[in-house]
Amino acid sequence: MSANLVAATVRSGLYTRIIGKRIRFFQELTSTMDTARECAESKIDEGTVVIAEFQTSSRGRLGRTWVSKPGNLYLSVVFYRSEERRVGKACRSRWSPYH
């Protein structure tokens, strides 16, 4: 599936001002969570959605591993803490996917 088609399809179903303003699509990633963290560290826009068709090192809450089967879409969304949003800083020092 093409990146533009996936982004356009996802975006067409969103009625928000923040989530999905920017969508990054990959056919394969190690983990959408890892890529979302890298995006946050580079101060990407809040609400950026990282989507993958397949993940090679999937993991869920509390570090639990799971299998991401082809044929689905997997995603993570970049959010910043409210105090970091006000001053425009990314979550670097205490970022954790387990909050």
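The sheet of this predicted model is open and has three strands in the order β1-β2-β3, with mixed pairing; strands are DSSP runs (E, at least two residues), as helices are (H or I, at least four), both numbered from the N terminus, and two strands pair if DSSP finds at least two bridges between them. Because β1 (23-29) and β3 (74-77) stand at the edges with a single partner strand each, one side of each is left without a neighbour in the sheet. On average, and with direction ignored, neighbouring strands of this sheet are turned by 20° against each other, where axes are lines fitted to C-alpha atoms, for helices over the stretch in contact, and angles run from 0 to 180 degrees between N-to-C directions. Between β2 and β3, which run antiparallel, there are four bridges; Val49 has Val77 of β3 as its bridge partner, and Ile51 has Leu75 of β3.

Residues are numbered from 1 along each chain as its sequence is written. Local features need pLDDT of at least 70 and side-chain atom pairs count only at pLDDT 80 or more, while totals for chains, interfaces and linings use all residues, and side-chain values use heavy atoms, with hydrogens and water left out.

The helix α2 lies across β1, β2 and β3 and runs at about 150° to β2, contact being defined as heavy atoms within 4.5 Å. In β3, Tyr74 and Ser76 form the covered face, whereas Leu75 and Val77 form the uncovered one.

The largest nonpolar core comprises nine residues, namely Leu29, Ala36, Cys39, Ala40, Ile44, Val50, Ala52, Val78 and Tyr80; such a core is a set of buried Ala, Val, Leu, Ile, Met, Phe, Trp, Tyr and Cys residues joined through side-chain atoms within 4.5 Å, with buried meaning under 20% relative accessible area, exposed over 50% and partly exposed in between (1.4 Å probe, protein chains only). At least two residues of this core come from each of α2 (32-41) and β2 (49-55), and α2 gives the most, with three residues. Apart from this core lies another, of six residues, among them Val6, Ala7, Val49 and Ile51. Beyond its neighbours within four places in sequence, Ala52 is in contact with Phe26, Leu29, Thr32, Asn72, Leu73 and Tyr74.

Taken along the sequence, the protein chain follows the pattern α-β-α-β-β-α, and its secondary structure comes to three helices and three strands. Of its 99 residues, 33% count as buried. Among contacts between residues at least 6 apart in sequence, 61% join residues at least 24 apart.
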